[in-house]
Amino acid sequence: MADPALPETENAARERLAELREEIDGHNHRYYVLDSPLISDAEYDALMRELLAIEERWPHLVTPDSPSQRVGAPPASAFGEVHHAVPMLSLDNAFDEQDLLDFDRRVRERLGHQGGVRYVGEPKLDGLSLTIRYQDGVLVQAGTRGDGRTGEDITANVRTVRSVPLRLRGQGVPETLEVRGEMVIRKRDFEALNAQRLAAGLKTFANPRNAAAGSLRQLDSRETARRPLTFFTFGVGVCSESLGDSHHAILQRLTAWGFRVNDQIRVLDGMDACLDYYRDLLDRRDSLDYEIDGVVFKVDELQARERLGFTARAPRWAIAYKLPAREATTRVRDIIPSVGRTGAITPVADLEPVEVGGVTVSRATLHNMDELRRKDVRVGDTVMVRRAGDVIPEITGVITERRPPDATPWDMPKHCPVCGSEVLRLDEEADHRCQGGLVCSAQRVGAILHFASRRAMDIDGLGEKIVEQLVDRELVRTPADLFRLEHATVAGLERMGDRSADNLLAALSRAKATSLPRFLYALGIRHVGEVTAQRLAEHFGDLEPIMAASEEELVQVPDVGPVVAQAIAHFFAEPHNRDVIRQLLAAGVRWPVVHRSPRTQPLAGKTFVLTGTLAGMSRDQARNRIQALGGKVTGSVSRKTDYLVAGESPGSKLDKARELGVTVLDEAGMRALLGAED
């Protein structure tokens, strides 16, 4: 990372320092106290680095209240205070190899070492730093780092964390011991926590660090107890006796007393070993079970640490080598609907390019409309963008304080931006989808491959490579174009010759003679699989009645519920799809009329209403069983209702049925009527 440009004069330096101190103090308060940062870690690091560079050039301008002389922010007033007898200082940062080599050179010079220094390397966990005090082996107090000298008393909350021992185990426990470490939420636990909050309609956390900090600052410790927190110790503060002559030896004793010590910690001889360790952790970053934002190197020998001492804010015997930032701040230039190969339309944020994790990012997925509305992302917003490994970048939060006054909520277009077909969100689904599956160029390859697949039209020899060539050369735009292909065109494709062309054309000719269920399945209608296609064919007998059927008529088909009926009706209502079907029929695609199944329909003409909770099956399962026997299920009770099936807590529908004289069945009565097997 390049050093920031320094002011040219002392007066300019004084003015810039005042600006930086105010800005950094504000960000410290947002980060450490409010758990609501306005900038990314990388931007914060850049501000601090600029401040330190100016203060190094003009040291007489350093003031006692400068962010360089303190750590974090004062404790929140909602909690009591914890005073750190041994300050919880911050660490100096290295942003590249040269910074790390310079640190090692300074250590060796101060110690007078000619050879290498032994270090301990450990992942820099991205969580909340704590100190936990034990008296005679019993936990008596826990506090946050705060400003390094005074933190927040969160003893009651820390007691609920299962990885924090309430009483130390083993032998040789000192009378007084302060254990220091990082409270984190592991990746898998973070995903589960956000999923639970999303299901409950609560705001999700932007990242594991915010989740851990927010969990520990709950005023009700019962809420903290429900959060999946994990504590890793990395050292000690006050201790009534010596615990050893090296940092690594202390960590081993802490392990024996019941603390979790990170299993990635290593003893490293010299700087070459440190650099190898850093590169290894960087390569394995995505496979770790927790987020890290750097690697910490500490001089292992405790006597050497005493000789090296401290600056006002950091020890001279440790340094944090930062990993490439996962998160950055940028602005949303536009929100674009992107059509996928299955027709799903994803809102994608077009961003002002920003470097995240060593890669320039200019787009980020917003997944679907529910996610977009939950995050309330708008064009012009300043947002936090996060990238993990090879995962598509995503927006983790909006900085609403920077929102322009004219920013308005974005909405999904009513027509596909690629083909102009209807855009529909089926009931109970998260995604909006283009309904022009047979014509939309964004779906073209997938649609044709499905049309040609073995259980659909079974066109042998029409594989993915051939389809991609046909589509790329614009020889095939819809499935109907397949039946217009000529020998010379097919033979001219890569990996094709005269014989292969003859075979493919013969397969296309054979495919024209098909069955109605196969044809229906081949159309690629959402939720219409082979079984549903068979049920539709048996119920209606031919294609025209299916295309003309309303949603109310479609739900009378066994295995077709309201969502499937909605998908079928909207597919056939789309003029583009109907036009392609006409072209397929004109090309000679044909099938025999299906004779309706002769099986009896004992409930034909009977109307049912379901209410309350059934013990042995879901309402959907009951509906499907009734419809399979010819019955009709509606949502409200009327004089035309034949049966009301009442489960537990039936509500007002039961009263209405009794008032109208409708036959009321309990679950056992319904099963008897259906001839259902237990």
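Guide: Contact here means heavy atoms within 4.5 Å. The model is predicted.

Visitor: Which residues is Lys124 in contact with, leaving aside its neighbours within four places in sequence?
Guide: Lys124 sits in strand β3, residues 118-125. Sequence neighbours within four places are set aside. The remaining contacts of Lys124 are Glu291, Ile292, Asp293, Gly294, Val295, Val296, Ala320 and Lys322.

Visitor: Does Lys124 count as buried, partly exposed or exposed, and at what relative accessibility?
Guide: Buried means under 20% relative accessible area, and exposed means over 50%. Lys124 falls between these limits, so it counts as partly exposed. Its relative accessibility is 21%.

Visitor: How many Å apart in space are Lys124 and Ser636, C-alpha to C-alpha?
Guide: In sequence, 512 residues separate Lys124 from Ser636. In space, C-alpha to C-alpha, the separation of Lys124 and Ser636 is 60 Å.

Visitor: Where does Arg108 lie, and how many Å is it from Leu308 in space, C-alpha to C-alpha?
Guide: Arg108 belongs to helix α3, residues 97-111. Leu308 is 200 residues away from Arg108 in sequence. The C-alpha to C-alpha distance between Arg108 and Leu308 is 9.7 Å.

Visitor: What does Arg108 touch, not counting residues up to four places away in sequence?
Guide: Arg108 has a relative accessible area of 24%, and is therefore partly exposed. Residues up to four places away in sequence are not counted. Arg108 then touches His113, Gly115 and Val117.

Visitor: At what angle do α3 and helix α9 pack?
Guide: Helix α9 covers residues 270-283. The axes of α3 and α9 are 11 Å apart, and α3 passes α9 in a right-handed crossing. The packing angle of α3 and α9 is about 145 degrees.

Visitor: How do the residues of the contact of α3 with α9 divide into nonpolar, polar and charged?
Guide: From α3 come Glu97, Leu100, Leu101 and Asp104. They meet Met271, Leu275 and Arg279 in α9. The contact of α3 with α9 divides into four nonpolar, no polar and three charged residues.

Visitor: How are α12 and α13 oriented to each other: parallel, antiparallel, perpendicular or oblique?
Guide: Helix α12 spans residues 444-452, and helix α13 spans residues 464-472. Their axes come within 10 Å and cross at roughly 135 degrees. Perpendicular pairs lie at 65 to 115 degrees, and antiparallel pairs at over 145. The crossing fits neither range, so α12 and α13 are oblique.

Visitor: Which residues of α13 meet α12?
Guide: The crossing of α12 past α13 is right-handed. On the α12 side are Arg444, Val445, Ile448 and Leu449. The contact of α12 with α13 has five nonpolar, no polar and three charged residues. On the α13 side are Glu464, Val467, Glu468 and Val471.

Visitor: Which helices do the buried residues of α13 pack against?
Guide: The buried residues of α13 are Ile466, Val467, Gln469, Leu470 and Val471. Val467 and Val471 also meet α12. The buried set of α13 packs against α12, α14 (479-482) and α16 (498-511).

Visitor: Which residue with positive phi follows α13, and near what value?
Guide: The residue is Glu474, in the loop between α13 and α14. It is a residue other than glycine, and its phi is positive. Phi of Glu474 is near 60 degrees.

Visitor: What is phi of Asp136?
Guide: Asp136 is in the loop between β4 (128-135) and β5 (138-144). It is exposed, with a relative accessible area of 56%. Its phi is positive, in a residue other than glycine. The value for Asp136 is near 55 degrees.

Visitor: Which residues does Lys512 touch, not counting residues up to four places away in sequence?
Guide: Lys512 lies in the loop between α16 and α17 (516-522). Leu584 is 72 residues from Lys512 in sequence and 8.8 Å from it in space, C-alpha to C-alpha. Lys512 touches Phe483, Ala587, Gly588, Val589 and Arg590.

Visitor: Which helix gives the most to the largest nonpolar core?
Guide: That core has 86 residues. Those with the most contacts inside it are Ile395, Ile459, Leu462, Leu482, Leu536 and Phe572. The helix giving the most, with six residues, is α21 (residues 562-573).

Visitor: What is Phe572 in contact with, leaving aside its neighbours within four places in sequence?
Guide: Phe572 is among the residues with the most contacts inside the largest nonpolar core. Its contacts beyond four places in sequence are Leu520, Leu523, Ile525, Leu543, Ile546, Met547, Arg578 and Ile581.

Definitions and conventions: Residues numbered from 1 in each chain as written. Predicted model: local features only at pLDDT ≥ 70, side-chain atom pairs only at ≥ 80, totals over all residues. Heavy atoms only, no water. Axes fitted to C-alpha atoms, helices over the stretch in contact; angles between N-to-C directions. Helix = DSSP H or I, 4+ residues; strand = E, 2+ residues; numbered from the N terminus. Parallel < 35°, antiparallel > 145°, perpendicular 65-115°, else oblique. Left-handed = near helix turned anticlockwise from the far one by under 90°. Nonpolar A, V, L, I, M, F, W, Y, C, P; charged D, E, K, R; others polar. Buried < 20%, exposed > 50% of the residue type's maximum accessible area, 1.4 Å probe, protein only. Core = buried A, V, L, I, M, F, W, Y, C linked by side-chain atoms within 4.5 Å.
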